[in-house]
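Please look over the model shown below, which is a predicted one. The report that follows takes up a sheet and then a pair of helices.

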Amino acid sequence: MKYIKIPMERIAVVIGHNGETRRDLEDKSGVRLEIDSRMGEITINDHNVDDPLQVLKLESIILAIGRGFSPEHAMKLLNDNNGLFIFNIHDYVSKKESHVRRLKSRIIGTEGKTKHVLEELTDSYISVYGHTVSIIADFVSMDIAKRAIDKLLSGSKHATVYRFIESNMRQLRLGGKL
C-alpha cells in the first residue's frame, strides 16, 4: 500500500465527474485506488498488481494532478518516456508570500505568455500551483525544461533563458549531445 496526500481542492479532480477519472486511472493502470476525500489522502492498493511499474506511474499521475495538472496531461505519465519533476519555490526564496508570488509570476508571465513559450519550446506541460512549479515532459526535453525553469527561478532574464532553450533544442534535433 502507498499513501499519497494531495491538496483537498484537487481530490475532486482525481475522482472526476461521477468517478470517471478515478475509473479511467484504475482501468489504465490495473491498480485500485481508495480515496478519503475528507482528509485528502489517496491509498494505492498495490496488492495483486502484475506490473509494479504501474504503481509508480499511478503515483506520479496522482502527484501531477495534485500539483495542478489536468488528468489528461497527467495521463501522459503512463508513457515510459515521460516523467514528472517538481520544483519547490521555497528552495529559491523564503516562505514570504510576496517572494513566492514574484517567482510564480516570472514563470507564468503576462497573461501566461512565458509559461506558454516554455511549454512550446521544450514540448512539455508546466503547472504553477501553490509554492511549486511542475513539469511533465519526455526525458530528453525534461533536462532542458528543468534547467530553463531553474534559470528563471534563479533570476536569469527571460530572453537569456529562451536563447538557452532554443540553442539546446536545436542541438537536440540535430542529434548532438547536450
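## The sheet

Three strands form an open sheet in this predicted model, and their order is 4-6-5, with antiparallel pairing. Strand 4, which covers residues 82-88, and strand 5, which covers residues 125-129, stand at the edges with a single partner strand each, so one side of each of them is left without a neighbour in the sheet. On average, and with direction ignored, neighbouring strands of this sheet are turned by 15° against each other.

The pairing of strand 5 with strand 6 can be followed in further detail. Strand 6 is made up of residues 132-138 and runs antiparallel to strand 5, to which it is joined by five bridges. Y125 has its bridge partner in strand 6, namely I136.

## The helix pair

Two packed helices are described by the angle between their axes and the distance between the axes. Helix 6, formed by residues 113-122, packs against helix 8, formed by residues 158-173, at an angle of about 15°, and their axes are 10 Å apart. Because angles under 35 degrees count as roughly parallel, helix 6 and helix 8 are described as roughly parallel to each other. The crossing in which helix 6 passes helix 8 is left-handed.

On the side of helix 6, the contact is made by T114, V117, L118, L121 and T122, while helix 8 contributes H158, V161, Y162, I165, E166 and M169. Sorted by character, the residues of this contact between helix 6 and helix 8 comprise seven nonpolar, three polar and one charged.

Conventions. Residues numbered from 1 in each chain as written. Predicted model: local features only at pLDDT ≥ 70, side-chain atom pairs only at ≥ 80, totals over all residues. Heavy atoms only, no water. Pairing = 2+ DSSP bridges. Helix = DSSP H or I, 4+ residues; strand = E, 2+ residues; numbered from the N terminus. Axes fitted to C-alpha atoms, helices over the stretch in contact; angles between N-to-C directions. Parallel < 35°, antiparallel > 145°, perpendicular 65-115°, else oblique. Left-handed = near helix turned anticlockwise from the far one by under 90°. Contact = heavy atoms within 4.5 Å. Nonpolar A, V, L, I, M, F, W, Y, C, P; charged D, E, K, R; others polar.
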